[in-house]
Amino acid sequence: MENLLNFPQSTFVNKVVPKNAFYGRSAQKTWLKDLLTREFESITWLYKLTAQTMNVADGDLVHEIAVFLCRLKEDRYSINPFCGMDELLPRHTMFIIEYGGHTDQLMHYKEKNLVRGEEKWKLGNTELLREVDLSEFHLQLTGTSLDSVYYGLLGQVSGLNTHSETEYEQAASNRKIKLQLQNQLATLEKRCRAEKQPRRKYELHQQILKIKEQL
């Protein structure tokens with residue numbers, strides 16, 4: 001296996017991982033076993049990013065980033081198995097997904113929560129970068145700690161170009177608000193085109209202008 005992301009050789013693992021290493025972690029996730037068996041050709045642990053392998057400081061929140069290459073049998077996929085796997089892994093992760101001649105990169109915003117006195121991982125936003133040409137698109141490992149490395153990678157995969165947790169959370173929140181406004185705008189424009197009553201059409205037009213101004 002070649003060094004697909006051109007990460008430092010010290011981080012390169014290149015180890016095939018049996019599928020039961022994932023679904024075997026939870027007897028309750030029988031659906032995950034079915035999906036991995038049916039849809040996944042292979043899973044390779046490509047990189048292990050730690051303070052030792054990267055010669056950076058350990059993070060306050062991030063202590064290891066694992067990068068997995070997942071080769072799928074079909075030319076389409078659901079993100080559900082990736083969510084299921086990530087929830088079970090006690091570390092931060094990135095998935096490189098190869099399917100039908102295409103390559104995507106997927107990360108989840110991941111943090112720890114305290115549940116009944118026990119630390120548990122919680123997945124936030126799913127960041128999916130589609131149709132990646134790995135020969136041209138090179139992820140940059142930036143920062144002096146694993147926290148900054150992780151949020152730098154998340155910023156690149158998400159397209160938000162953020163470098164810290166605070167920056168990412170703010171940018172993701174702004175993106176969500178923008179999407180909501182765009183959906184409202186599309187609905188109002190459709191209603192305005194169909195409206196026959198002049199006064200109501202004018203009111204809808206004013207609402208459209210207000211949303212455009214916000215955008």
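This passage walks through the fold, the burial and the salt bridges of a single chain.

The model is a predicted one, so to speak of a local feature takes a pLDDT of at least 70 and a side-chain atom pair counts only at pLDDT 80 or more, while totals for chains, interfaces and linings use all residues. Residues are numbered from 1 along each chain as its sequence is written, and side-chain values use heavy atoms, with hydrogens and water left out.

Let's start with the overall layout. The chain holds seven helices and six strands; here helices (H or I, at least four residues) and strands (E, at least two) are DSSP runs, numbered from the N terminus. Going along the sequence, they come in the order β-α-α-β-α-β-α-β-β-β-α-α-α. The C-alpha trace spans about 65 × 45 × 40 Å along its principal axes.

Next comes the question of what is covered up. Of the 215 residues, 42% count as buried, where buried means under 20% relative accessible area, exposed means over 50%, and partly exposed is in between (1.4 Å probe, protein chains only). The chain has an accessible surface of about 12,400 Å², and 47% of that belongs to carbon and sulfur atoms; these areas come from the Shrake-Rupley method with a 1.4 Å probe, and for residues only the protein chains shown count as cover. As for contacts (heavy atoms within 4.5 Å), take those with a separation of 6 or more: residues 24 or more positions apart account for 63% of them.

Strand β4 (residues 92–99) is a nice place to look at burial up close, since eight of its eight residues are buried. In a regular strand the side chains alternate between the two faces of the sheet. In β4, His 92, Met 94, Ile 96 and Glu 98 point one way, Thr 93, Phe 95, Ile 97 and Tyr 99 point the other way, and all are buried. Strand β4 also has a partner: β3 (residues 65–72) pairs with β4 in the parallel sense over seven bridges, and two strands pair if DSSP finds at least two bridges between them. One spot to find in the picture is Cys 70, whose bridge partner in β4 is Ile 97.

Two threonines show what a covered residue has around it. Thr 44 is found in strand β2 and counts as buried at 3% relative accessibility. Leaving aside neighbours within four places in sequence, Thr 44 is in contact with Met 1, Asn 14, Lys 15, Val 16, Val 17, Val 67, Phe 68 and Leu 69. Thr 50 sits in the loop between β2 (40–49) and α3 (51–54), and at 6% relative accessibility Thr 50 counts as buried too. Not counting residues up to four places away, Thr 50 touches Asn 55, Val 56, His 63, Glu 64 and Leu 146.

Ser 78 is another loop residue, between β3 and α4, and its relative accessibility of 28% makes it partly exposed. The C-alpha atoms of Ser 78 and Phe 137 are separated by 24 Å, with their positions 59 residues apart along the chain.

Now for the charges. Lys and Arg count as positive and Asp and Glu as negative, with His and the chain ends not counted; each charge is placed at NZ of Lys, CZ of Arg, CG of Asp or CD of Glu. The mean positions of the 29 positive and 28 negative charges are 8 Å apart.

A salt bridge is a side-chain nitrogen of Lys or Arg within 4 Å of a carboxyl oxygen of Asp or Glu, and the count comes to nine. Lys 110 and Asp 86 form one of them, at 2.7 Å from N to O. This pair links distant parts of the chain, as Lys 110 is in strand β5 (residues 102–115) and Asp 86 is in helix α4 (residues 80–88), 24 residues apart. Both Lys 110 and Asp 86 are buried.

Glu 127 and Arg 175 meet in another salt bridge, at 2.8 Å from N to O. Glu 127 lies in strand β6 (residues 118–129) and Arg 175 in helix α6 (residues 165–194), so the pair ties together parts 48 residues apart in sequence. Glu 127 is buried at 3% relative accessibility, whereas Arg 175 is partly exposed at 30%.

Arg 200 forms a salt bridge with Glu 203, with the closest N and O atoms 3.1 Å apart. These two are separated by about one helical turn, because they are three residues apart in helix α7 (residues 198–214). Arg 200 is partly exposed at 26%, and Glu 203 is partly exposed at 33%. Arg 199 joins in as well: Arg 199, Arg 200 and Glu 203 are linked in a network of salt bridges.
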